[in-house]
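Reader: I have the structure open and would like to ask how some of the labels are earned. Could you walk me through the reasoning?

Author: Gladly; let us look together.

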Amino acid sequence: MLDLWFTEKWSENTKFSIKVKEHLYSEETPFQKIDFFTSDEYGRFFTLDGMVMITEKDEFIYHEMITHVPMCTNLNIKKVLVIGGGDGGTVRELTRYNSIEKIDMVEIDERVVRLSQKYLPFTSDKLEDERVTLIFDDGLKFVEECESEAYDLILVDSTDPISVGEGLFTTEFYKNCFRVLKEDGILVNQHESPYYERYANEMKKAHEKIKNIFPIAKVYQFHQPTYASGHWLFGFASKKYDPTLDCNESAWNTLGLETNYYNTDIQRAAFALPNYVKKQLEK
Ligand code: SAM
């Protein structure tokens, strides 16, 4: 029997493939095509419009790094807005903090959430936490209509800046995030990658916009095997706190949170970027 492979184009000249055990489910929603697979190498994984979103084997990296870096920077964070994040992994990590009182998750496509609850229990199992409110709407519209100074932290766990995700990489969106954050608020956003040209261009554009709006605008890196090149970034923008100076490693360690990628050595080290990345961001 012929092997079945899932393949994603990382550039015009590079493809990434995962040998598929079973193609579990496929659905075309009004927003995107959703597919769920099983594989020997990565366990269960799902794709949106043919691009890997998360896999069972490496989702912990992304979801720990989007959450614990801002939380170690300000452990007084109480009200969090997650934009996107349909698989639930970011919310799962947030619910581990007893200090967080309210988590609003604004996801444009309810089908991503409902199907993740069915096929990805390991990421979606905390979406029913009593602190979590699911709002099925466009994140761009939500922040536009949201009251000012409503949140301590905004995590933009979005797809790439194409199709429905495009609006989440605009100056208008970042300006509204700034307004919706409290006076010591933090914004962390999915910030693409420095390696392949398509992603590097989006990285540069996003950083240029954010650094013109927030007084502190940094970028941190992590290794994400199933994203293009494996070298992936988050943006860290803040009205007040520097993630490498104001972080409280000892207080974070006292929480005793078990993690498999993030640790407080990485808190500062993740912001130490290679020269080729720094040069691109400084251009
Ligand atoms: N970790 C993944 C990555 O880095 O590509 C993204 C995780 S999550 C699946 C991305 C979510 O963003 C999707 O569920 C998608 O529906 C949602 N999304 C895209 N554009 C959106 C928008 N404008 N407003 C709200 N959610 C959006």
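Reader: How many salt bridges does the count come to by this rule?

Author: The count comes to 19 salt bridges. The rule asks for a side-chain nitrogen of Lys or Arg within 4 Å of a carboxyl oxygen of Asp or Glu. Please keep in mind that this is a predicted model, where local features need pLDDT of at least 70 and side-chain atom pairs count only at pLDDT 80 or more, while totals for chains, interfaces and linings use all residues. Residues are numbered from 1 along each chain as its sequence is written, and side-chain values use heavy atoms, leaving out hydrogens and water.

Reader: Why are D3 and K19 called a salt bridge?

Author: Their closest N and O atoms lie 3.6 Å apart, and the limit is 4 Å, so the pair qualifies. The bridge links distant parts of the chain, 16 residues apart: D3 sits in the segment before β1 (4-11), and K19 in strand β2 (residues 14-20). Helices here are DSSP runs of H or I with at least four residues, strands are runs of E with at least two, and both are numbered from the N terminus.

Reader: What makes K19 partly exposed?

Author: Its relative accessible area is 41%. Buried means under 20%, exposed means over 50%, and partly exposed is in between (1.4 Å probe, protein chains only), so 41% earns K19 the middle label.

Reader: How do you know that K9 and E12 form a salt bridge, and which label does each residue get?

Author: The closest N and O atoms of K9 and E12 are 3.0 Å apart, so the pair meets the rule. K9 has a relative accessible area of 40% and is therefore partly exposed, whereas E12, with 66%, is exposed.

Reader: What is the spacing of E145 and K141 in helix α5?

Author: They are four residues apart, about one turn of the helix. Their side chains meet in a salt bridge at 3.9 Å, N to O. E145 counts as exposed at 56% relative accessibility, and K141 as partly exposed at 36%.

Reader: Which residues are linked in a network of salt bridges?

Author: The network links E59, R92, E93 and R96.

Reader: Why does D87 have no salt bridge?

Author: The nearest side chain of opposite charge, R92, is 7.0 Å away, and a salt bridge needs nitrogen and oxygen within 4 Å, so the rule is not met. Lys and Arg count as positive and Asp and Glu as negative, with His and the chain ends not counted. D87 is buried and sits in the loop between β7 (79-84) and α2 (89-94). Leaving aside neighbours within four places in sequence, D87 has contacts that include F46, H63, V112 and S124; contact means heavy atoms within 4.5 Å.

Reader: What makes S158 buried, and what does S158 touch?

Author: S158 has 8% relative accessibility, so it counts as buried. Not counting residues up to four places away in sequence, S158 touches Y62, I83, L168, F169 and Q190. Its place is the loop between β10 and α6 (171-180).

Reader: What is notable about phi of E149 and of E192?

Author: Most residues other than glycine have a negative phi. E149 has a positive phi of about 50°, and phi of E192 is also positive, near 65°. E149 lies in the loop between α5 (139-145) and β10 (151-157), and E192 in the loop between β11 (181-190) and α7 (197-211). E149 is partly exposed at 45%, while E192 is buried at 1%.

Reader: Why is G256 called exposed?

Author: Its relative accessible area is 60%, so G256 belongs with the exposed residues. G256 is in the loop between α8 (249-254) and α9 (264-269).

Reader: How do you know that the chain is as compact as a globular protein of that length?

Author: The chain has ten helices and 13 strands. Its radius of gyration is 18 Å, close to the 19 Å that the globule rule gives for 283 residues, so the description fits. The radius is taken over C-alpha atoms, and the rule is 2.2 Å times the number of residues to the power 0.38. Of the 283 residues, 59% count as buried.
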